[in-house]
Each structure stands twice: as structure tokens, then as C-alpha cells.
Amino acid sequence: MIVVAGEALIDLVPQGAGALADLKPALGGGPYNTAVALGRLGSPTAFCSRTSDDAFGEALLEGLRKAGVDVSGVQRGSEPTTLAVATVGTDGSAAYSFYVDGTADRLFTAPAALPAGTRAVSFGTCSLVLEPGASAYEGLLRAAAVAGVFTALDPNIRAGLIPDADAYRARFRGWLPSVSLLKLSEEDARWLGGTPREWLAAGPAAVVITHGGDGLTVHTRDGGEHSVPGEKVTVVDTIGAGDTVNAALLHGLAVRDALSPQGLAGLGAAGWTALLRFAARAAAITCSRAGAEPPYASEVGEV
């Protein structure tokens with residue numbers, strides 16, 4: 001079982017040009033997209049979050065169920081669902097404005113225990129910013145690491161939600177001793193400061209950096225650095241691409257029985273190259289269609 005911990009929200013995606021274009025609601029949130037992608041790839045997956053009792057909350061849970069994700073541990077509340085208004089650039093890149101005050105997901109409380117058989121837990125995005133839920137997710141991250149569970153972190157920076165950038169950067173560095181695999185975009189890396197070598201020295205066994213259409217690079221604790229190019233595709237938008245990479249990496253590591261620091265160290269150049277190529281293929285398929293629509297296992301091929 002791979003557990004994905006974090007927010008589920010509704011993306012409002014413009015259907016045309018201009019500030020007043022019609023907005024189409026779509027299921028979203030970085031952790032939510034990661035859970036759906038894992039389910040579609042065939043990994044046993046559970047979602048750990050808090051969602052609203054409103055119609056959007058019901059739709060989010062139904063989307064997880066359709067992907068085969070276990071939602072039995074999802075907390076519920078009467079507060080509204082978080083909304084993210086997307087702006088899509090001419091190159092397909094997406095930026096977001098958030099409506100988060102008083103929403104259900106930020107009132108998450110850490111469960112007493114993870115599901116039986118949990119092999120990995122994935123964290124990231126808004127859920128690690130918005131209090132009081134952020135502290136609850138942080139506590140779950142640390143507890144999982146102490147218990148020897150593989151942990152993955154994708155900060156997926158949303159700068160507009162972070163009131164004190166320096167405080168968040170310090171908090172990020174404080175998470176690293178509890179992280180097995182760190183994945184982030186090159187934009188996030190620049191915003192956070194530091195280098196892969198500095199982050200590896202603080203705790204993670206591997207750091208994967210995405211370069212948009214130019215591919216992915218992994219830096220490993222033994223000094224290794226392995227890169228693959230991006231898959232060429234006509235980009236509709238990039239919504240959910242990074243989340244698909246998260247899922248593809250975790251799924252591929254699970255298939256290779258490598259969800260441990262020792263497993264990561266044993267992949268070597270050939271293993272990492274194959275895994276990164278798999279993640280690049282999966283992300284390219286997501287970029288080829290509108291919204292966060294990650295691929296199924298039959299579309300992306302062997303790991």
C-alpha cells in the first residue's frame with residue numbers, strides 16, 4: 001500500500017482566453033492527482049486527507065474510487081472545498097489563485113496509525129503550508145520516518161499561499177531528515193535555494209528534479225547523476241504533470257521492490273534511467289490532454 005497524504009481540491013480551469021473566460025471545475029490538488037495516478041498505474045493506494053461533505057467533496061471521493069484508491073481513511077467536514085483558479089499560459093503552463101479560508105482540508109488531523117501494509121507515504125503542496133493541517137501532516141511525515149516507512153516529498157511551491165518565505169524554507173530544511181525521496185521542479189529548486197548535494201546531505205537518499213519538457217535528473221547520495229530527455233508531445237496544458245511524475249516514480253520503485261534507501265542505492269545508472277524514462281512517458285501523456293488526466297498502465301507501458 002502506498003499512502004498519499006494531502007489536499008483534494010477543485011481546479012477552476014478557463015475554457016477560453018481572457019480574465020472572464022468560462023471556468024470548468026476539475027478534480028485536483030497535487031496529492032489528489034498523485035493518488036489518482038498511482039491507482040490508474042495499478043499500485044494499491046490509499047488517500048489520507050480531509051474533504052468536505054459538499055457536492056465537490058463527494059465528486060473528489062468518487063474520482064478516487066474510480067481510480068481504485070482506498071478512501072476509507074478520509075476525514076469529512078461540513079466546511080467548503082478548497083478552490084484553485086487556474087490560468088493557463090500560451091505554452092500550456094499553469095498558475096493558480098487559491099480560495100482556502102475556512103475550507104475542509106486544512107482542518108486535517110493526523111490519524112493514530114497508517115493503514116496496515118503501508119510501504120510508502122507521499123506528501124506535498126498546499127497541505128504542508130496551510131495551518132493547522134500543515135503541522136498535522138508534518139507530524140505524520142516525521143512519525144512515518146521514525147517507523148521506517150519510505151517517505152516521498154514534493155514541495156510543489158505555491159508562493160502565493162506562503163506568507164513568510166524564509167520561514168517556509170527553514171521548515172523545508174527541517175523536513176529533509178525525514179524524507180527518503182525528494183522530488184521537485186527546477187522552478188521550486190530555485191525558489192527554495194540550496195543544491196541537490198546539500199539536500200542529500202540532510203537526509204534524502206535521492207533527489208529528482210524535473211525540467212519541464214527537457215526531462216528529469218536524479219542525484220543520488222553516492223554522487224551519481226543520471227538524466228533522461230522529455231518525451232516529445234503536443235502540450236495541451238501541464239496541469240498534473242509533476243504529480244504524475246511523483247506517482248510514476250513511486251509505482252516504479254514499488255514494482256522494483258526498491259521503496260527503501262537501500263533500494264534506491266541499488267538501482268544504479270540503468271535502473272534510474274529506466275525509471276526516469278517511465279516517469280517522463282507518463283507525464284507527457286498527462287500534458288497531451290486537458291487538465292490532470294494521468295495515464296493508465298496500459299497507456300504508459302512497462303516500468
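Helices and strands are taken as DSSP runs, with at least four residues for a helix and at least two for a strand, and are numbered from the N terminus. The structure described here is a predicted model.

The largest pocket encloses about 1300 Å³ of space. Its lining comprises 49 residues, and those nearest the centre are Ser185, Glu187, Thr238, Ala241 and Gly242. Strand 8 provides the largest share of this lining, with five residues. Strand 8 (94-99) is one of several elements that each contribute at least two residues to the lining; the others are strand 2 (9-14), helix 1 (30-41), strand 11 (181-185), helix 5 (186-192), helix 7 (241-255) and helix 9 (268-287). By class, the lining of the largest pocket consists of 20 nonpolar, 18 polar and 11 charged residues.

The second largest pocket holds about 650 Å³ of space. It is lined by 32 residues, with Val13, Lys24, Ala26, Ala290 and Gly291 closest to its centre. Two or more lining residues are given by each of strand 2, strand 3 (23-28), helix 1, helix 2 (55-66) and strand 7 (83-88). The lining of the second largest pocket is made up of 19 nonpolar, seven polar and six charged residues.

An open sheet is formed by eight strands, arranged in the order 4-1-9-10-11-12-13-14 with mixed pairing. Because strand 4 (45-48) and strand 14 (225-228) stand at the edges and have a single partner strand each, one side of each lacks a neighbour in the sheet. From one strand to the next, the twist averages 15°. Within the sheet, strand 11 is paired with strand 12 (residues 206-210) in the parallel sense, over five bridges. Leu181 has Ala206, in strand 12, as its bridge partner. Helix 7 packs on the sheet and touches strand 1 (2-5), strand 9 (120-124), strand 10 (150-154), strand 11, strand 12 and strand 13 (216-220). The direction of helix 7 makes about 155° with that of strand 11. Helix 7 thus takes part both in packing on the sheet and in lining the largest pocket.

Two helix pairs were examined. The axes of helix 1 and helix 2 come within 9 Å and cross at roughly 30°. Angles under 35 degrees count as roughly parallel, so helix 1 is roughly parallel to helix 2. Tyr32, Ala35 and Val36 of helix 1 make the contact with Ala59, Leu60, Gly63 and Leu64 of helix 2. Six nonpolar residues, one polar residue and no charged residue form this contact.

Helix 3 (residues 133-146) packs against helix 4 (residues 165-175) at an angle of about 20°, and their axes lie 11 Å apart. Helix 3 is therefore roughly parallel to helix 4. On the side of helix 3, the contact involves Ala134, Ser135, Glu138, Leu141 and Arg142, which meet Arg171, Gly174 and Trp175 in helix 4. The contact of helix 3 with helix 4 contains three nonpolar, two polar and three charged residues.

Backbone geometry was considered at two loop positions. The peptide bond from Glu131 to Pro132 is cis, with omega near 5°, and Pro132 is found in the loop between strand 9 and helix 3. Asn156 is not a glycine, yet has a positive phi of about 45°; Asn156 is placed in the loop between strand 10 and helix 4.

How values were computed: Residues are numbered from 1 along each chain as its sequence is written. This is a predicted model: local features need pLDDT of at least 70, side-chain atom pairs count only at pLDDT 80 or more; totals for chains, interfaces and linings use all residues. Side-chain values use heavy atoms; hydrogens and water are left out. Axes are lines fitted to C-alpha atoms, for helices over the stretch in contact, and angles run from 0 to 180 degrees between N-to-C directions. Angles under 35 degrees count as roughly parallel, over 145 as roughly antiparallel, 65 to 115 as roughly perpendicular and the rest as oblique. Contact means heavy atoms within 4.5 Å. Ala, Val, Leu, Ile, Met, Phe, Trp, Tyr, Cys and Pro count as nonpolar, Asp, Glu, Lys and Arg as charged, and the others, Gly among them, as polar. On a 1 Å grid over the protein atoms alone, a cavity is a set of points where a 1.4 Å probe fits but cannot get out, and a pocket is an open set with protein on both sides within 12 Å along at least five of seven lines; lining residues have an atom within 4 Å of a point. Grid points are joined across faces, edges and corners, and a volume is the space filled by probe spheres set on the points. Two strands pair if DSSP finds at least two bridges between them.
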